[in-house]
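Colleague: I have a structure on screen and some questions about it. Can we go through them one at a time?

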Amino acid sequence: KLKEDFKKLHQKYNTTEVSFAFEELTTLSDDDKINMNFKPLFGKSIYHNYNFNKKSELKLFEGVLETLIELKSKGVLLIGFTESNAFFTKYRIKHLGLDGIFDCIYSPLDTGIPKNTHKVYKDDFWEPKKTEIRYLSKSIKKPDSEILGIILRDFKVKNENAIYIGDKIDRDIRMAIDTCVTSVFAKYGSEIDNEKYQLLKEVTHWTEEDVKREIEFKNKHINEE
C-alpha cells in the first residue's frame with residue numbers, strides 16, 4: 001500500500017524526487033508524520049537520518065570525476081541535461097564537487113516546498129558559484145530531441161562537433177540519435193535487472209509505456225552486442 005501511495009505521489013509531481021513527500025502520503029497517519037521529524041534525546045530523527053544517509057551515499061561512478069577534469073583541461077565545453085529538479089541538481093553539484101567543472105546544466109524547475117518548512121540553510125547556499133543553471137519546464141522528459149537541439153543552438157555548437165553521453169538507451173542515446181549527435185552509452189549507469197530497479201518500477205513516476213520501452217531497448221541492445 002505504501003508503494004502504491006508513493007507511486008501516485010511521484011506521478012502527480014512527475015518525479016521521484018519530492019521533498020517532504022511523506023507529508024502527502026495517505027497511508028501514513030498524522031502521528032506517523034509527526035514521528036518522522038521527531039528528534040529523540042540521542043541521535044537523529046527518521047527524516048534527518050534519511051537525509052544523512054542520502055548525503056553519505058552520494059558518490060560519482062569510478063573514474064567519472066577524473067574524466068570530466070581531463071576533458072575540461074582540454075578546453076571541452078561540458079553541458080548537462082537532467083530530468084532532476086533544479087534543487088536536487090544543485091545539491092549534487094555541491095556535494096560531488098562539480099561546481100565549475102560543468103559550464104552549464106539544464107534542469108526542470110522545482111516543485112516547491114511547504115511554507116511552514118524550517119530551512120536550515122539560506123536560500124543561496126545551494127547556488128553554484130561557477131556552473132550556470134538554466135531552467136526548463138517541469139514537464140520536460142527525455143527523449144526530447146527539441147531540447148537537445150536548443151542546447152546546441154544556445155552554445156552555437158554544430159551537431160557534428162558534439163558528443164552526448166548518457167546511461168539510458170531509450171532516453172539518452174535515442175535522443176542523441178534523433179538529433180544526429182554522436183552518442184556514448186555509459187553502460188555502468190544502466191542496471192535494470194537488480195532488486196533496486198524492481199523497487200523503482202513499483203514507485204516510479206514513469207508510465208507503464210516508459211518502463212516497457214526501456215526494457216525493450218535494453219534487450220535489443222544486448223542482442224545487437
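Colleague: Which residues does Tyr106 touch, leaving out those up to four places away in sequence?

Modeller: This is a predicted model, where local features need pLDDT of at least 70, side-chain atom pairs count only at pLDDT 80 or more, and totals for chains, interfaces and linings use all residues. Residues are numbered from 1 along each chain as its sequence is written, and side-chain values use heavy atoms, without hydrogens and water. Contact means heavy atoms within 4.5 Å. On that basis Tyr106 touches Ile79, Gly80, Phe81, Thr82, Arg134, Leu136, Ile151, Asp154 and Phe155.

Colleague: Which helix gives the most to the largest nonpolar core?

Modeller: A nonpolar core joins buried Ala, Val, Leu, Ile, Met, Phe, Trp, Tyr and Cys residues through side-chain atoms within 4.5 Å; buried means under 20% relative accessible area (1.4 Å probe, protein chains only). The largest has 14 residues, with Tyr106 and Phe81 among those with the most contacts inside it. Strand S2 (104-108), helix H6 (145-154) and helix H7 (169-178) each supply at least two (DSSP runs: helices H or I, at least four residues; strands E, at least two; numbered from the N terminus). The top contributor, with four residues, is H6.

Colleague: How many residues are in the other core, the one with Leu68 and Leu78?

Modeller: That core lies apart from the largest one. Leu96 and Ile101 are also among its members. Its size is 10 residues.

Colleague: Where is confidence lowest?

Modeller: pLDDT is the predictor's confidence in each residue, from 0 to 100. The protein's mean is 86. Strand S1 (residues 79-81) is highest, at 96. The lowest, at a mean of 65, is helix H9 (residues 208-224).

Technical notes:
Buried means under 20% relative accessible area, exposed over 50%, partly exposed in between (1.4 Å probe, protein chains only).
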